[in-house]
Each structure stands twice: as structure tokens, then as C-alpha cells.
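Welcome to a short tour of a protein chain. Take a moment to look over the sequence and the 3D view, and then we will walk through some parts together.

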Amino acid sequence: MAAKSHRALKITGIVIGVIVGIALIAMVALNIYMRVAFAPFFDRAESPFDIPDINTGFVPQDLDHVEADDSWLFSGYMADHSPSPLYRRAADGTITKFYVSLPDGSPYDGHGSAITTNEQYAYLACEEGYLVIPMDDLLFAEDGASVQATEKVDVDFSPAFMNIEQGQLLLGNFYYPNDYETPENHHITTPDGTENPAVMYAFAADPAEPGRFLTVPDNVFSIPGMVQGTCITDDGRIVLSVSYGIAPSHLLAYNVNLAAPDGTFTTGSGDEVELFCLDSRNLTEDLVGPPMQEGIESHDGHVYTTDESASNKYIFGKLCGAGRVYAVQL
């Protein structure tokens, strides 16, 4: 019996070894495939630091650079639907994890699809609008603490992405057929004949209240589907991060002539504003990248990206370096 048990253990060990070997070969093969398939992206990319808590159930959605102290903020959600954390990465690399309370005191457990800041406030996306958080509270929040959102601002759709750029608050919705539909009037045929199925609102700063924004958009952009993030480059181009599922991601850069609107758009509140269409006429670059890139941020001449594929929810990105922030020049 002892000899049989020994042989069984030996066979089991061999089987486990083979499985581990196959897994390691698969990891190496996937890494090589990703680096080859997306060589134009990785050839231009720097990788300054890891995405916080990527191996603990956090699913990252957006990132934001804070000028005040050269820190980085990350928003997202937890795969187990527990309260959604924010992370602050200090300039020295120290990570602080904290939470957000809604204006009524209940915990924020939303998607965390967007986080953006100015000197006075942080803005966090939520259903049908965004939350307003005093910046001082956020900057000095201790690990495990909860910061209070003082207000929810309503928008006529739920923002899938959001960023403060050149003094404006940009926010837009996400379209994917059947799963993520958008209102009929958001489907716009652009001058080059493309049908764009989503929009991005641009809200001007409120002159009466520093750090806040008007509630009627200054203008509206017609955008493609599957947009996960936006930013504006140093040379003034609008960049969109486009991805869904395991298909390749795209960083699309547009040079828009704001002196020549393409028409007007009527918001859900009935306000008529100038419309600008993002299409092949003003597309200057399409940088193809690895799957599941999410929110983006323009900083120091680069576009910084975050990616959800290395989270425990999706896993495969762990095998090809997607658990890090990448910065590319466009």
C-alpha cells in the first residue's frame, strides 16, 4: 500500500508540475503576444507606477493628477459590491485608501467611473450626475477614513467619464448596443456620414463661485460609442479613450475648430447649445492599445492611462503588465 501511495503522490506531483508549466508557458506567450500586437503603444509608453490595490478586488476606472501636491487619485469599484474606495498616491509613493459618504451620510458604492479635481473641489461620478467633495477634506483624508460629499449635481444622463480641462468640466455617456443604450437624440450623423451614438457636455466655470461649474453646458460634442475617458493634450487636442471587453483599446485624438460649430444640440433640459462633431474630419491620431483601458489624464506632456483588465474580476491583464499606469505621448 505504501508503495502505491508513493506512486500516486509522484504521479500527482508530475501532473501538478505539468499544469504549472503549461500555465507559465501560457503567461509568457500572452505577454509576448500583447507586446507584439500592441508594439506601437508599448514602444511609446512609460510605466511610472502600479495601479493601487489591483490584486485585492478593486476594479480601477479613472485616475486624476492633483497639482497641489503632485499626488494621483484613483476611483473605481469593488467586485464584491462593497463601498467603493478612492486611493491617493502621494508624490513619495505612499498609498492612502479612503471612502466617500453621500450627502445623506450613506456610503458611496457606485461605479467610480470618473474622478477629477481643481483647487477647490473633487468631482466624483454617480448615477445621473456627480458628487462634490471639498478638496481639503480629500487631500488630508487618513487611511480608512470617509470624506463627505457636500452635494450631488444632477445631469440629464449618468456620466461614464469626466475631466476638468482648460477650466471646463467635460463629461459624457457610454454607448454599446443593447447593453448600454443612449437617448435617441444622442445619436447624431456627423458631417462625414458617421453615426455617433453618444455625447460629451462641456460646462464652463461658474464666475460666481470659484471651483464650481454652470449647470447648462457651454457646448456639446458628438462622440463615438464605448468612450471610457477624455482629456486634452498640451497642444489642445481632445483625446478619447475607447474600449469594451477584450477588443483592443483606442486613444483617439481630435483637433476641433471651436470657431466652426457643426450645428446645435438640445439638452434633456431643453437648452439649445452649439454642437461639435468628432469624426474623421478632425481625427489626427488613433493609437491602438491593450484591452480595457479606462479613464485617462493629461499631465506633463503625456496621456496617462489606467486599465481594469489586471483586476481580480478580469485577471488576464495580470499576465501582460496591465496592472500599471502607462503614459504615452500623442
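## A pair across two strands

Ile-232 sits opposite Ile-238, a residue of strand S18. This is a predicted model, so keep that in mind as you explore. The two strands here are S17 and S18 (residues 238-242), and five bridges join them in an antiparallel arrangement. Between these strands lies a hairpin connection of five residues, where Gly-236 takes a positive phi near 90°.

## The neighbour on the other side

Now follow S18 to its next partner. Strand S19 (residues 249-254) also pairs with S18 in the antiparallel sense, again through five bridges. Here Leu-240 stands opposite Leu-252 of S19. Six residues separate S18 and S19 in their hairpin, and Gly-245 in that turn has a positive phi of about 65°.

Is S18 enclosed or open to the outside? Five of its five residues are buried, so S18 is largely enclosed by the rest of the structure. The side chains split into two groups: Ile-238, Leu-240 and Val-242 point one way, while Val-239 and Ser-241 point the other way, and all are buried.

## The sheet they belong to

These strands are part of an open sheet of four, in the order S17-S18-S19-S22, with antiparallel pairing. At the edges are strand S17 (227-232) and strand S22 (283-289), each of which pairs on one side only. On average, neighbouring strands of this sheet are turned by 20° against each other, direction ignored.

## Another hairpin, and a parallel partner

Let us move to an earlier part of the chain. Strand S4 (residues 86-89) pairs with strand S5 (residues 95-101) in the antiparallel sense over four bridges. Which residue of S5 is the bridge partner of Arg-88? That partner is Thr-96. The hairpin of S4 and S5 has five residues between the strands, and Gly-93 in its turn has a positive phi of about 95°.

S5 also has a parallel partner: three bridges join S5 to strand S9 (residues 146-148). In this pair, Val-100 stands opposite Val-147 of S9.

## A closer look at Lys-152

Lys-152 has its place in strand S10 (residues 151-154). Why does Lys-152 count as partly exposed? Its relative accessibility is 36%, and partly exposed covers the range between under 20% (buried) and over 50% (exposed).

Leaving out residues up to four places away in sequence, Lys-152 touches several others, including Pro-103, Cys-126 and Tyr-130. Glu-128 is also among the residues touched by Lys-152; the two are 24 residues apart in sequence, with their C-alpha atoms 9.3 Å apart in space. A polar atom of the Lys-152 side chain lies 3.0 Å from the backbone oxygen of Glu-127. The side chains of Lys-152 and Asp-154 are joined by a polar contact of 3.3 Å.

## The whole chain

Stepping back, the secondary structure of the chain comes to three helices and 25 strands. The radius of gyration is 22 Å, close to the 20 Å that the globule rule gives for 330 residues, so the chain is as compact as a globular protein of that length. Along the principal axes, the C-alpha atoms fill a box of roughly 85 × 45 × 35 Å.

Of the 330 residues, 50% count as buried. Among contacts in the chain with a separation of 6 or more, 59% come from residues 24 or more positions apart. The chain exposes about 15,000 Å², and carbon and sulfur atoms supply 55% of that area.

Key: Residues are numbered from 1 along each chain as its sequence is written. This is a predicted model: local features need pLDDT of at least 70, side-chain atom pairs count only at pLDDT 80 or more; totals for chains, interfaces and linings use all residues. Side-chain values use heavy atoms; hydrogens and water are left out. Two strands pair if DSSP finds at least two bridges between them. Axes are lines fitted to C-alpha atoms, for helices over the stretch in contact, and angles run from 0 to 180 degrees between N-to-C directions. The radius of gyration is taken over C-alpha atoms; the globule rule is 2.2 Å times the number of residues to the power 0.38. Buried means under 20% relative accessible area, exposed over 50%, partly exposed in between (1.4 Å probe, protein chains only). Contact means heavy atoms within 4.5 Å. Accessible areas come from the Shrake-Rupley method with a 1.4 Å probe; for residues, only the protein chains shown count as cover. A polar contact is a pair of N or O atoms within 3.5 Å; within protein, one must be able to donate a hydrogen and the other to accept it, and residues adjacent in sequence count only if both atoms are side-chain atoms.
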